[in-house]
Amino acid sequence: MAYLLVMGTRKGLFRATSDDRRHWEVSGPLRLDEDGYADMMGIYAVGIDPHTRRVLAGAESPHFGPSVWYSDDLGRTWSEPERAPIAFPGDVEESLTRAWQFAFTDEPGEVYAGAEPHSLFRSTDGGLRFELVRALWDHPHRKDWFPGAGGGAVHTVIPGRVDAGGTDPRAVTVAMSTGGVYQTRDGGASWAPANAGITATFLPEETPEYGQCVHKVAVGPDGAFYAQNHHGVFRSTDPAQGWTSIADGLPSDFGFALVAHPGRPGTALNFPVISESCHLLPEHRLRPHRTDDGGRSWHPVDAGLPTEPYYGIVLRDGAATDGAEEPGFYFGTRSGDVYATVGDSGSWTQVAAHLPDVLCVRAAEV
């Protein structure tokens, strides 16, 4: 069995392949176009289609603007659609800043893109062309959504889930900074906030209906949701009914990335950061934390990671799982290091070192 790991950085796209997820062959920055103009673009979003293994890369050039590139040979060669894949309709007086997230559904060819400014787009042709999900864009709350320090974006998209009651093709959960968690149960025709219990310490009302700066949301195989907030870590089996804090036991309740185990309920990884004003690691140690009981307790998992002082944090899409039966977990840091661990080994292997700032990683069994 082979595994593919795609890593988006501040300066280009990298890929790694492995047969055992312990020894990796790394290549990059990848040549996206023949002339090399796209090789140094910032890659803020990557996605791997579970049906076709098409790879999408959301790239942003300071000269040419944002676009979405695709590869149908596991990242060896790349193409860009002739027309801008993600663009606002003519009656919307906004332009795309960048794509932040790609999320594939169980329907072949269907993929969502979370974008900046706060928006959600949907494609039915595998990501060649997207259309704006108008009901979320036209939501009456949108006038009050504002950019966080990292920009105003829909950065989490979870198709098929809104609670622990099972999957539903009409259901989608999104999260944004700032704005909070919103859900649809009718295929995107209407959206409702789902933030009860999530704090917004920077607002006059600490637990408002919406306006939270949710950094990342993940969902476990049992339908339980986990949220890393701008100060606060939460869990819910039904976000429409509210969230419960699970931050006790973590060295900090601030952070960006969070990953749920794809096959085991109650297990998730968290990547703490000191605070909103100090984006460094607690005790300057590269030390992810894991829960195996739904957040009632946490313990560090840092075997194989550097023991000396370390300063590169993990950004909101800088961690992922490959979804295999014995899953691999991956993360990359702003210091350009990428690590992997398999199953319950608890020991990390370095995949790559000294890359540019790692912005996002995605992995798949191929």
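In what order do the 4 strands of the open sheet with β7 run? The legends below start with that view and then move through other close-ups of this predicted model.

**Figure 1. The open sheet that contains β7, β8, β9 and β10.** The order of the strands is β7-β8-β9-β10, and their pairing is antiparallel. At the edges lie β7 (98-104) and β10 (131-132), each of which pairs on one side only. Take a look at β8 and β9 inside the sheet: 5 bridges connect them in the antiparallel sense. One place to find your bearings is Gly114, which stands opposite Leu120 in β9. As background, the strands of a sheet pair through backbone hydrogen bonds, in either a parallel or an antiparallel way.

**Figure 2. A cis peptide bond at Pro117, between β8 and β9.** Pro117 sits in the loop that links β8 (111-116) to β9 (119-123). The peptide bond that leads from Glu116 to Pro117 is cis, and its omega is near 5°. This is worth a pause because most peptide bonds are trans.

**Figure 3. Another cis peptide bond, at Pro29.** Here the bond joins Gly28 and Pro29, with omega at about 0°. Pro29 belongs to the loop between β3 (25-27) and β4.

**Figure 4. Strand β4 and its hairpin with β5.** Why is strand β4 described as largely enclosed by the rest of the structure? Of its 7 residues (42-48), 7 are buried, so the rest of the structure largely encloses β4. Its partner, strand β5 (residues 55-61), pairs with β4 in the antiparallel sense over 6 bridges. To follow one of these pairings, start at Val46 and cross to Ala57, its bridge partner in β5. The hairpin has 6 residues between the two strands, and in this turn Arg53 has a positive phi of about 65°.

**Figure 5. Arg21, a buried residue with a positive phi.** Arg21 is found in the loop between β2 (12-18) and β3. Its phi is near 65°, a positive value in a residue that is not glycine. Most residues other than glycine have a negative phi. Is Arg21 buried or exposed? Its relative accessibility is 6%, so Arg21 counts as buried.

**Figure 6. His230 and His231 in the loop between β16 and β17.** His230 lies between β16 (225-229) and β17 (233-236), and His231 has its place in the loop between β16 and β17 as well. His230 counts as buried because its relative accessibility is 14%; the value for His231 is 17%, so His231 counts as buried too. Which side chain makes a polar contact with that of His230? The partner is Glu276, at 2.5 Å. Leaving aside residues up to four places away in sequence, His230 touches Thr201, Phe202, Cys213, His215, Phe254 and Glu276. As for the backbone, His231 has a positive phi of about 70° although it is not a glycine.

**Figure 7. Arg290 and the open sheet around β21.** This sheet is made of 4 strands in the order β19-β20-β21-β22, with antiparallel pairing. Its edge strands are β19 (254-260) and β22 (299-300), each pairing on one side only. Strand β20 (residues 268-273) pairs with β21 in the antiparallel sense over 3 bridges, and Asn270 stands opposite His289 in β21. Arg290 is part of β21 (residues 289-291). With a relative accessibility of 10%, Arg290 falls under the 20% limit and therefore counts as buried. The side chains of Arg290 and Asp344 share a polar contact of 2.8 Å. Beyond residues up to four places away in sequence, the residues that Arg290 touches include Arg264, Thr267, Trp298, His299 and Gly343.

**Figure 8. The largest nonpolar core.** How many residues does this core have? There are 24, and those with the most contacts inside the core are Phe271, Leu286, Ala319, Phe331 and Trp348. Two or more residues each come from β19, β20 and β24 (328-332). The largest share belongs to β19, which gives 4 residues. In soluble globular proteins, nonpolar side chains tend to be buried together.

Definitions and conventions:
Residues are numbered from 1 along each chain as its sequence is written. This is a predicted model: local features need pLDDT of at least 70, side-chain atom pairs count only at pLDDT 80 or more; totals for chains, interfaces and linings use all residues. Side-chain values use heavy atoms; hydrogens and water are left out. Buried means under 20% relative accessible area, exposed over 50%, partly exposed in between (1.4 Å probe, protein chains only). A polar contact is a pair of N or O atoms within 3.5 Å; within protein, one must be able to donate a hydrogen and the other to accept it, and residues adjacent in sequence count only if both atoms are side-chain atoms. Contact means heavy atoms within 4.5 Å. Two strands pair if DSSP finds at least two bridges between them. A nonpolar core is a set of buried Ala, Val, Leu, Ile, Met, Phe, Trp, Tyr and Cys residues joined through side-chain atoms within 4.5 Å.
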